[in-house]
Structure formats: structure tokens, C-alpha cells
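Could you walk me through this structure, with an eye to its pocket, its cores and its charged pairs? I would like to follow along with the model open.

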Amino acid sequence: MTDAATPTPVGPSPGASPIRRPVLSGPHLRRRYAAERRFRLYGLASIAVAGLMLLLLVGSIWQKGHSAFWQTYVEITVTFSEGVLNPDGGPVDHHELERADYLSLVRDALKEQFPEATGDRRLRRQLYGIVSTNADFALRRMVLDDPSLVGQRRPVWVKLSDDLDSLAKGHIRRDLPESDRRVSDIELGWYDVLDKAGRIESRFNVDLFTAGDSREPVEAGIYGALIGSILTMTITLLVSFPVGVMAAVYLEEFAPRNRLTDVIEVNINNLAAVPSIVFGLLGLAVFLNFFGLPRSAPLVGGLVLALMTLPTIIIASRSALKAVPPSIREAAFGLGASPLQVVTHHVLPLAMPGILTGTIIGMAQALGETAPLLMIGMVAFIVDIPQGFTDPATVLPVQIYLWADSPERAFVERTSAAILVLLGFLVLMNAVAVLLRKRFERRW
Amino acid sequence: MMSNTTQATAAAPAAAPIHSVDEPRGGDPRPATATAVKIKARDVNVYYGDKHALKHVDLDINENEVTALIGPSGCGKSTFLRCLNRMNDVIDSCRVVGDITLDEADIYDPSLDVVQLRARVGMVFQKPNPFPKSIYDNVAYGPRIHGLAHNKADIDDIVRQSLERAGLLKEVHDRLDQPGTGLSGGQQQRLCIARAIAVNPEVILMDEPCSALDPIATARIEELIDELRENFTIVIVTHSMQQAARVSQRTAFFHLGDLVEVGNTEQIFTNPKDSRTQGYITGRFG
């Protein structure tokens, strides 16, 4: 248009070199197309490699972990003998039933099944070991639920021990010499007998999802860690999202540009690069030692992870706010909207998808974080399911770390199963974020 | 940010006759006393950091007239326009010195509420910038935040009226809930005009409102500007001299931050006093 203030000469000056026009064929163009094709190929290859890696990773975890979702049960015929459950006769007393010796019921049932093992003491102990050491708890629960069982004889399905469970799942090779095997020849024989009699059955491992941690692999579950993770993430989200978004909005929309805000900006970027364990140390020093908050609590874990997540959320939110076209701000200002109205009515809703993306990246990071939690005592063996934000708890990645550290063969598959659950939780969280983002986007 | 003082207001006689401003620059053949002065700018200087973007501008905007600001790019006409509703406040490095009064009241008075000012002095931008909301919400936004309507029916009325006045209602009456960003460029710009007039401002500032539009849409908007003149005072920045000639009653020519000449549009285009104005309108530069 009429842009220049002074007239400019138009056209080539006389005596200039001949006009060169682009050639529409020839080697130059071929090279260009080839480069284009190559570039596309590189992109496809990268995606293929990334997809293959992901597939390999998830595949190997699944291959190792899927068997943990099943648990082998054995049927034993238990005599709920009056002599054990109600030794002093008379009416059945709840209190008495609670304290009765259910272990002897299990042992009697096993001895009855395999009378040949009763003579030798060592043999007897091996026999008792083919069922889970917590089998008596299952009997106890049964009797407490239904006291009329006392005096009756019932087939009961109890969990097989972790070694025989591994055998049933094919994790233990039978062709190895006995000394290299976790299961002795005798146990192998018992197992085969039970299997032939149809007394071995594989069932879905409900306990994996409903129980807390345990030293006994067949009893160990991730429910406690899952609840711990949810509680911790709740605190993290509640703290880091509002604080992060407010900080970003202030820095981006209201703060004057000066040395101070420059320093703040640089330091926020630096914080994002601080190793996470440092945040754990900070949490230990500040939240535990100074404020005296409880150890191993989701509250403290959430606060520490919130500190770690803040820079991510602030940086992502700021770039999302920056990406809102200035024309929208001008339009709102031009109508007489106050700065706060401009932000809350126009800028923030438009930036929300970007802010949510940043938040979910930060939360996903926090969900998988172990190191800072080590410092504040969340790496503990906790059997109870946490009931609140101040109960001792652990989180999924820490549970994975603890199980990976356990020597029992049966924890290997459980570790992988816990990883699968963690990944599932992550996918769920991302899905929620994507849904939220879609909703926000659809409104505009 | 604003170094404007009340002393300066006192120094400039508030009741100075309008032609005294125009006379040194060539004079307005007809006395402009017939129409009241809406906005009065005296010795306005604008700096972007060290850059002196607008130099000692004295200009009166008459009520219910269209005043066109013309001049080559970078001459300060948009900057001047944005002074009139303090949109320059948004830019950090921008500094405005001088007096601008709206109905004799200093608009740079620290006690003046910018929100109120912008409700009285509306603005239409170069590029149509509807909010990414429905057509209805675009128009209803201003009345809502200024509390002009108390119930749904009132807002409905305002929205329909504003769209009608902007000449858009016929085209969109059956899709008010569709996003405003889905309209064509010309419709979007008329939507922006509807949005601006929905709050019933006294002055409407238009910053090259037609530069992104095709000739038909442009003609439609020019028509609209002429109709709106009855109720509003309009200041329009334009690069098209034909447009200035068509829609405006008065024209001001800016060059390199100076207000070179101001006068009746007819006079500016037929008998410019300044050689630079002559050069610009005849297309010798710019």
C-alpha cells in the first residue's frame, strides 16, 4: 500500500543483468522433491521407532506382569472342629472365635490330605508351606461371618504359597535339578496330585487391587499405594494449580517488566531444572522439621510434589497466556473491560487448554516421582490403607520400587503389575485432561 | 506514566474558539461553531520510549461529525486515535503528554476511571476481532459488564437493536448462537461495530476499519458510518483518501508525527493549504 514516505524507484535500472526466472524442471526441482520425500521418510521412521519402543516397553511389562492378575487357589477340606474353635463347650462366643487357632485347622486339613507327610517334622513343615501363610486368616473370616460353620466339614479354597503359585504360572522350570529349584520334588509331587484331583484353580487376583502391602507376596496388593497416590496427587493439584496459574497470570498480565520480574522469570526456569531430590530435602527441612507435619503423610508428599510441579505449570501457563492473540485483549479493553475482566472473561478461558496441558504434564511427572518422597519418609512398609491426608502412606512408584527390591520370585510379576496399574492411572489422568481440554475448546 | 498536568489545562483557555486552532494551518472557510466540540486535544505529544511519535497536536473533534485522520504509515494517526480512549495505557513504553478533553473533562485526569472512559469512547479495530464466542455474546458482553441491562429481555433488545443498527441483523438473526468468528470478514467487522455501539458510546474510534475488507463490504461499512453519524461522533483512521472524502466531514492530515493540516474534507481535498497535503492527496508520496 502507500507505505513509504518517499518515492522509490520502480523496476530494474538500465544496464542491469538479464532477468533470471525460475526453471520449472530440471535437477534442481528433482532434488527439492527428493529432499521433501526424504524428510517425510525420516519423520515416519522416527514415529515408527518411537512407537516400537513404546510397544516393546509396554509389551515386556505386560508379558512379565499379566500373571500377577491371577492367583492360584487350592481346595482343602477343612473340619471346623468344635475342639479347636470352642474348646470349653457351651454357646459359641464371638470373642472366642476371634482368637481361635485357625492355623491348626489348616494344618489338620493338609495332614488329612497327605497323611504320608505327617511322620517327619521337616516334611510336615514343607507340607504346611504349600498354602499361603495367611490361609488361616481366610478361615477366620469365614467362621466370623458365619459362626454356624463350627462343627462342620467344608471344602475351602485357599491361596497356594507364592512358590507353588509361581510353579502353576510356569515361572519355575521343572526340568532343573532339585537343588536349583525353589520347589522341592516332594512339593512338586503334592502339587501334581492336587492338580490331578482338580483341586488347583486359577482365579482373578482381587487382593492385588484391594489389599495393602504385605511381606507375603500372595497377600500383597497395591490398593494402599493407589489410595496414597490419589491423596498425594489431590494435594499436589490443589496447591500447584491455583498457585501456578495465579503466578503465571500475574507475571504475564499485570507485572511490570523490570529487573525484579526478570530475576523471578529466570529463577522459575531454573527451578524447573532442579533435581527432584532437592525438593525432597527442602520438604524434609521445612515441612517436617520446621512445621512439624507428620512423616510419611500424603499431605507432605503432595506439598513437596507441588513445589516440584509449580515451575512446569507456571512456564506452560505463561506460554499459553502469551499465545492468546493481543487483538482479543484490545477488543475487551476497547469495550471498557477492566484488566481483571479481560483476564477472567477472555484471556484465561482461551489459555485454559494450554494451561491444562502444562498441568497434566506436571502432574504426570509428580505421579511418577520417587526421589523426593524418599526424603520425607514415604518409602515405608505400610500395610494399612491410608484413610486421610495425614495417615502414613506410600505411593505407586515407591511401591514399585519397594517390590522391585524384594527377594521373593513372586514379587517380580507384582512389580510389573504395579507398573501396569501406574501406567493405567496415568492414562486415565491424561484422558480426563484431554476431555476437559476438549470441553474448553468446544466452547470457543 | 501520564505526565499530563492540570496546570496545562488552566493555561489553555477552555473556551478558545475552534477556528483559532484551524486558522494557522490554513483556516476553515466556514465557522465550525454550528456544531459543538466533543473532543479537544491540545499540545498532545506521545513518546514510545525515546521515539517522539506525535508532536504538539492540537485538534478538535466535532460532535455528530465524522472526522477522518489520513496520512502515510507511521505518521501517528493511529497513535492519536488511541490516545482518545487511552488505549495507549496498555503499552508499557508509551507516554502521553498534553491535554485531551472529552466534553471539557480531562480524560487523563488520574481520578478518571478508564473503564468509564472506554464505555463512552468505543473503538473498532483494523482487523475484525470478534471474541471467540457466539454472535449474541459478542454484542451482549459490553452491556453486561457495564450493567446496562438487568434482565435477559433487556439484553435481547440491546443485542437485536445493535445488530440492526450495524446492518447485520438480517444476515444473522437465525444464528445468534453461532460463533462470531465464523462470519465473513465484512460481517465480522459489522459485528465489531454492533459490539461497540451496544454500550451506546458517545464517540466511536475506527482504526482503518475497512483495510481488511473487499469493496462491497467496505461500501456497506461506509454507508453504516454515515448512518451512525446521527447519533455518534466518529473518528476514523483511513489509508484510503477516497474513503475519507466519502465518509468524513472534516479531515486531518498527519505527517511524521505532525498534524499538518485540518479542515473541511472538501477543502482539504480540493484546496489544501500545505504543500505536503497536496503531495499526499495527489499521490506523489505515501
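Here is a tour that starts at the largest pocket, moves on to the nonpolar cores and ends with the salt bridges.

Please keep in mind that this is a predicted model. Let us begin with open space: the largest pocket holds about 670 Å³. Its lining is made up of 26 residues, and A:E253, A:R329, A:F333, B:V90 and B:D92 are the ones closest to the centre. If you would like to find the pocket by its secondary structure, look in chain A for α10 (223-254), α13 (298-322), α14 (326-334) and α15 (339-367), and in chain B for α4 (114-120); each of these supplies at least two lining residues. The biggest contribution is that of α14(A), which gives 4 residues. As for the chemistry of the lining, 15 residues are nonpolar, 10 are charged and 1 is polar.

From the pocket we can turn to the nonpolar cores. The largest of them counts 61 residues, and within it B:L59, B:L69, B:F80, B:I100 and B:F254 have the most contacts. Although those five belong to chain B, the largest share of this core comes from α15(A), with 8 residues. A second core, separate from this one, has 44 residues, among them B:A140, B:A149, B:L183 and B:A194.

B:L69 is a good residue to centre your view on. Leaving aside residues up to four places away in sequence, B:L69 touches B:L59, B:K77, B:F80, B:L81, B:V235, B:I236, B:V237, B:T238, B:A252 and B:F254.

Now for the charged residues. Side chains of opposite charge can pair when their charged atoms come close. Over all chains, the count comes to 33 salt bridges. One of them joins A:R182 to A:D163, with 3.2 Å between the closest N and O atoms. These partners are 19 residues apart: A:D163 sits in helix α7 (162-168) of chain A, while A:R182 is in the loop between α7 and α8 (185-196). Their surroundings differ as well, since A:R182 counts as exposed at 53% relative accessibility, whereas A:D163 is buried at 16%.

In chain B, B:D60 pairs with B:R42, and here the closest N and O atoms are 3.1 Å apart. This bridge links strand β2 (residues 51-62), which holds B:D60, to strand β1, which holds B:R42, across 18 residues of sequence. Both B:D60 and B:R42 are buried. Strand β1 (residues 37-48) also contains B:K40, which is buried because its relative accessible area is 10%, under the 20% limit. B:K40 and B:D103 are 63 residues apart in sequence, yet their C-alpha atoms are 8.1 Å apart in space.

What does the pair B:R120 and B:E202 tie together? B:R120 lies in helix α4 of chain B and B:E202 in the loop between α8 (185-197) and β7 (203-207), so the bridge connects parts that are 82 residues apart in sequence. The closest N and O atoms of this pair are 2.8 Å apart. B:R120 is partly exposed at 29% relative accessibility, and B:E202 is partly exposed too, at 26%.

Finally, take a look at a group of charged residues in chain A: A:E252, A:R257, A:E265, A:R318 and A:K322 are linked in a network of salt bridges.

Terms used: Residues numbered from 1 in each chain as written. Chains lettered and ligands numbered in written order. Predicted model: local features only at pLDDT ≥ 70, side-chain atom pairs only at ≥ 80, totals over all residues. Heavy atoms only, no water. 1 Å grid on protein atoms, 1.4 Å probe; cavity = no way out; pocket = protein on both sides within 12 Å on 5 of 7 lines; lining within 4 Å. Points joined across faces, edges and corners; volume = space filled by probe spheres on them. Nonpolar A, V, L, I, M, F, W, Y, C, P; charged D, E, K, R; others polar. Core = buried A, V, L, I, M, F, W, Y, C linked by side-chain atoms within 4.5 Å. Buried < 20%, exposed > 50% of the residue type's maximum accessible area, 1.4 Å probe, protein only. Contact = heavy atoms within 4.5 Å. Salt bridge = Lys/Arg side-chain N within 4 Å of Asp/Glu carboxyl O.
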